[in-house]
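Reader: Got a minute to walk me through this one? I'd like to start with the inside and work outwards.
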Amino acid sequence: MQRSFSRKSSTSRRRAFTLIEVMIAIAIVVALIALVGINVLGNRDSANINTTKIQMSNIENALTEFEVAFNRLPSEDEGLEALWSLEAVQVETEEDEAKWRRFLTKPVPNDLWGNPWGYRPESEYGLRYDLWSNGPDGEEGTDDDITNWTAEDEAGGGLGAPTAP
């Protein structure tokens, strides 16, 4: 007599995942991706704001160097372009032309969001000049604007504000 052996043991049997188990696993993965994505995007916005503040500081330093060289700030017509382009500077004498150099090594006509920098050589807040970025939303006068003046300056109580006689 021949004996037949059945090879159906619990260890060799393959068990498939149920649809519910697969859906739960996908939901967990999606939730993790969403959490990581939110944190990464939040950090990117913060990094762009900090980078814009650094760029603004570089522009302020270049404006100071321009002011030392020419004994004036770039006019509104010259704008910030005077910091990297001689063609933008209204040169009156050959001596002025000889004084000019690139005050910024790379042109930065726009902030990180592609909006032009705001520059006003005659400050509305009692500072030497006004310099600003319209921030991520690209609209002037909103809470996300990045400026060289403070809320106190806007209200007339900051250090840069003119004093009343």
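Reader: Which residues have the most contacts inside the largest nonpolar core?
Author: This is a predicted model, to say that up front. The largest nonpolar core has 21 residues, and those with the most contacts inside it are I59, L63, F66, L80, L83 and L131.

Reader: And which helix gives the most to this core?
Author: Helix α1, residues 19–70, with 6 residues.

Reader: Let's stay with F66. What is F66 in contact with, leaving aside its neighbours within four places in sequence?
Author: Quite a mix: N71, R72, L73, P74, E78, A82, L83, V89, W100 and F103.

Reader: Some rings in there. How many aromatic pairs are there in the whole structure?
Author: A search turns up 7 aromatic pairs. In one of them, F66 and F103 have ring centres 5.4 Å apart and planes at 65 degrees, so the pair is edge-to-face. F66 sits in helix α1 and F103 in the loop between α2 (94–99) and β1 (118–120), so the pair ties together parts that are 37 residues apart in sequence.

Reader: Are F66 and F103 buried or exposed?
Author: Both are buried. They also belong to one aromatic cluster together with F70 and W100.

Reader: OK, what about Y125 and W149, stacked or edge-to-face?
Author: Stacked, at 4.5 Å centre to centre with 25 degrees between the planes. This pair links distant parts of the chain too: Y125 is in the loop between β1 and β2 (130–133), W149 is in the loop between β3 (146–147) and α3 (151–155), and they are 24 residues apart. Y125 and W149 are both buried.

Reader: Zooming out, how many helices and strands does the protein have?
Author: 3 helices and 3 strands, in the pattern α-α-β-β-β-α along the sequence.

Reader: In what order do the strands sit in the sheet?
Author: β1-β2-β3, as an open sheet with antiparallel pairing. β1 and β3 are the edge strands, each pairing on one side only.

Reader: How many bridges join β1 to β2?
Author: 3 bridges. Within that pairing, G118 has W132 in β2 as its bridge partner, and R120 stands opposite D130. On the other side, β2 and β3 pair over 2 bridges, with S133 opposite I146 in β3.

Reader: Which way do the residues of β2 point?
Author: D130 and W132 point one way, L131 and S133 the other way, and all of them are buried.

Reader: Hang on, D130 is buried. Which side chain does D130 meet in a salt bridge?
Author: The side chain of R120, at 3.0 Å from N to O. The two residues are 10 apart in sequence, D130 in strand β2 and R120 in strand β1. R120 is buried as well, because its relative accessible area is 15% and the cut-off for buried is under 20%.

Reader: What else is linked with R120 and D130 in the network of salt bridges?
Author: E124 is, so to speak, the third member. The R120 and E124 side chains meet at 3.6 Å, N to O, and E124 is exposed at a relative accessible area of 55%.

Reader: How many salt bridges is that in total?
Author: The count comes to 6. Another one of them joins E65 and R101, whose closest N and O atoms are 2.4 Å apart. E65 is in helix α1 and R101 in the loop between α2 and β1, 36 residues apart. Both are partly exposed, E65 at 35% relative accessibility and R101 at 40%.

Reader: New topic. Where is N71, and what is its phi?
Author: N71 is in the loop between α1 and α2. Its phi is positive, about 60 degrees, although N71 is not a glycine. N71 is exposed, with a relative accessible area of 71%.

Reader: Back to helix α1 for a second. What is Q55 in contact with, beyond its neighbours within four places in sequence?
Author: Q55 is found in that helix and is in contact with V108, D111, L112 and W117. The C-alpha atoms of Q55 and D111 are separated by 8.1 Å, with their positions 56 residues apart along the chain.

Reader: Last one: how much of the protein is buried?
Author: Buried residues make up 29% of the 165 residues. The accessible surface comes to about 12200 Å², and 54% of that belongs to carbon and sulfur atoms.

Note on methods: Residues are numbered from 1 along each chain as its sequence is written. This is a predicted model: local features need pLDDT of at least 70, side-chain atom pairs count only at pLDDT 80 or more; totals for chains, interfaces and linings use all residues. Side-chain values use heavy atoms; hydrogens and water are left out. A nonpolar core is a set of buried Ala, Val, Leu, Ile, Met, Phe, Trp, Tyr and Cys residues joined through side-chain atoms within 4.5 Å. Buried means under 20% relative accessible area, exposed over 50%, partly exposed in between (1.4 Å probe, protein chains only). Helices (H or I, at least four residues) and strands (E, at least two) are DSSP runs, numbered from the N terminus. Contact means heavy atoms within 4.5 Å. Rings of Phe, Tyr and Trp (its six-membered ring) pair if their centres lie within 6.5 Å; planes under 30 degrees apart count as stacked, over 60 as edge-to-face and the rest as tilted. Two strands pair if DSSP finds at least two bridges between them. Accessible areas come from the Shrake-Rupley method with a 1.4 Å probe; for residues, only the protein chains shown count as cover. A salt bridge is a side-chain nitrogen of Lys or Arg within 4 Å of a carboxyl oxygen of Asp or Glu.
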